[in-house]
Amino acid sequence: MKDLVLIVSAVSGIAIVFILIGVSQTRKRISGLLLELKTARPTFKQRFSAKDLSHLPEPVSKYLKWALTEGQPTISEATFVQSGRLRTDSSSERWMDFTAIQKVSASTPGFVWNAKVKIAGPLHVRVLDSYIRGVGSGAVRLLSVLTVGNASNAPELNSGALHRYLAEAVWYPTALLPSAGVQWSAIDNQRALATLRDHGVEVSLEFRFAPEGQVIGIYSPGRWGSFNGEYKQVAWEGRFADYQTVQGMQVPSKGEVGWYTQEKWAPVWQGEVLRSEYSFEESK
């Protein structure tokens, strides 16, 4: 019995050390990504003026005038605290709750999404998604320790990550200004196409606007995604709702995104922004 107790104690000690090392490595990875995101951000000092929108498609101009106030400084960095639920496949009936903190560089494309996804009881996975200097990456770690998935710098992943950044720009709307690198072209009176190029990666998204001005959705006929371990281009759509005034800007508090399967849209992520914090570039 004494030997069994010693063995159990030794195994438990090794397990604790393994967990502590894994958690430490995860924290270092998160800190490294955040530092890289911060150093990738250039100085971009400019204030919003409605007079600079005359060449834009009418629904885009109307949206930016609605979402931003005259003289609005450019967002340099944004932090979002989120909660919601997600599933790994649009056909799955199993949804998992998550909480997340997302850091965004809004003066140059970049983000780090750090999420804790509940599996069952105390079990969880840590999901780290990022896009920095044209490189997309994603990692999944069981209990924030054991790596069960890791990918980085595949062309398809880079494209999909930049698609995400552009779609989520409704949460940091100065990133949708032409001065931030977005090129707009008209589709009709309630839709416009936004194109963004960064470090050799180029993506386009259809933005859909409500008559009042706000963005209510985005759509891509072929965003790259990973399905059963294989990258494919699949139609992708996001929807936004419940706009709030935050630091003088109109931003949605709720959103959902999903894929089309056999021409039917199914959400795979539904979330809410619980808290937002913005830093701004001050113009000279």
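Contact here means heavy atoms within 4.5 Å. The model is predicted. By this criterion, tryptophan 113 touches residues from many parts of the sequence, among them Gln82, Leu86, Phe98, Val127, Arg164 and Trp269. Ala100, Ile101, Gln102, Leu128 and Asp129 complete the set, with residues up to four places away in sequence not counted. Tryptophan 113 belongs to strand S3, which covers residues 110-120. Its relative accessible area is 4%; it is buried, because the limit for that class is under 20%. Glutamine 102 precedes tryptophan 113 by 11 residues in sequence, yet the two C-alpha atoms are 4.4 Å apart.

The chain as a whole contains three helices and 13 strands. It has 284 residues, and 49% of them count as buried. Contacts between residues at least 6 apart in sequence were also examined, and 51% of these join residues at least 24 apart. The accessible surface amounts to about 14,400 Å². Carbon and sulfur atoms account for 54% of that area.

Strand pairing was considered next. Strand S1 (residues 75-86) and strand S13 (residues 264-280) run antiparallel and are joined by 11 bridges. Threonine 79 has glutamate 277 of S13 as its bridge partner. S13 also pairs with S12, again in the antiparallel sense, over eight bridges. In this pairing glutamate 256 faces glutamine 270 of S13. S12 and S13 form a hairpin, with two residues between the strands. Glutamine 262 sits in that turn. Its phi is positive, about 50°, although the residue is not a glycine. Glutamine 262 counts as exposed because its relative accessibility is 79%, and the class begins over 50%.

A second glutamine has a positive phi. Glutamine 247 lies in the loop between strand S11 (230-246) and S12. Its phi is about 50°, and it too is not a glycine. Glutamine 247 is partly exposed, with a relative accessible area of 40%.

Another hairpin is formed by S5 and S6, with three residues between the strands. Strand S5 spans residues 135-142 and strand S6 residues 146-152; six bridges pair them in the antiparallel sense. Serine 137 has serine 152 of S6 as its bridge partner. Leucine 143, in the same hairpin, takes a positive phi near 55°. Glycine 149 is part of strand S6. Its relative accessible area of 24% makes it partly exposed. Apart from residues up to four places away in sequence, glycine 149 touches Gly138, Ala139 and Val140. Glycine 138 is 11 residues from glycine 149 in sequence, with a C-alpha to C-alpha separation of 7.8 Å.

Helix H2 covers residues 58-67. Its buried residues are Pro59, Val60, Ser61, Tyr63, Leu64 and Ala67. An α-helix has 3.6 residues a turn, so residues three or four places apart point the same way. The cover over the buried residues of H2 includes several strands. Among them are strand S7 (183-188), strand S8 (191-198) and strand S9 (201-209). Strand S10 (215-227) and strand S12 (249-261) also contribute.

Open and enclosed spaces were then surveyed. The largest pocket holds about 1,500 Å³ of space. It is lined by 48 residues, and those closest to its centre are Arg87, Thr88, Asp129, Ser226 and Trp259. Asp129 is also one of the residues that tryptophan 113 touches. By class, the pocket lining comprises 25 nonpolar, 14 polar and nine charged residues.

The structure has one cavity of 30 Å³ or more. The space in the largest cavity is about 30 Å³. Its lining consists of Ala106, Ser107, Thr108, Pro109, Tyr165, Ala175, Ala180 and Leu196. Six of these residues are nonpolar and two are polar, and no charged residue lines the cavity.

Notes
Residues are numbered from 1 along each chain as its sequence is written. This is a predicted model: local features need pLDDT of at least 70, side-chain atom pairs count only at pLDDT 80 or more; totals for chains, interfaces and linings use all residues. Side-chain values use heavy atoms; hydrogens and water are left out. On a 1 Å grid over the protein atoms alone, a cavity is a set of points where a 1.4 Å probe fits but cannot get out, and a pocket is an open set with protein on both sides within 12 Å along at least five of seven lines; lining residues have an atom within 4 Å of a point. Grid points are joined across faces, edges and corners, and a volume is the space filled by probe spheres set on the points. Ala, Val, Leu, Ile, Met, Phe, Trp, Tyr, Cys and Pro count as nonpolar, Asp, Glu, Lys and Arg as charged, and the others, Gly among them, as polar. Buried means under 20% relative accessible area, exposed over 50%, partly exposed in between (1.4 Å probe, protein chains only). Helices (H or I, at least four residues) and strands (E, at least two) are DSSP runs, numbered from the N terminus. Two strands pair if DSSP finds at least two bridges between them. Accessible areas come from the Shrake-Rupley method with a 1.4 Å probe; for residues, only the protein chains shown count as cover.
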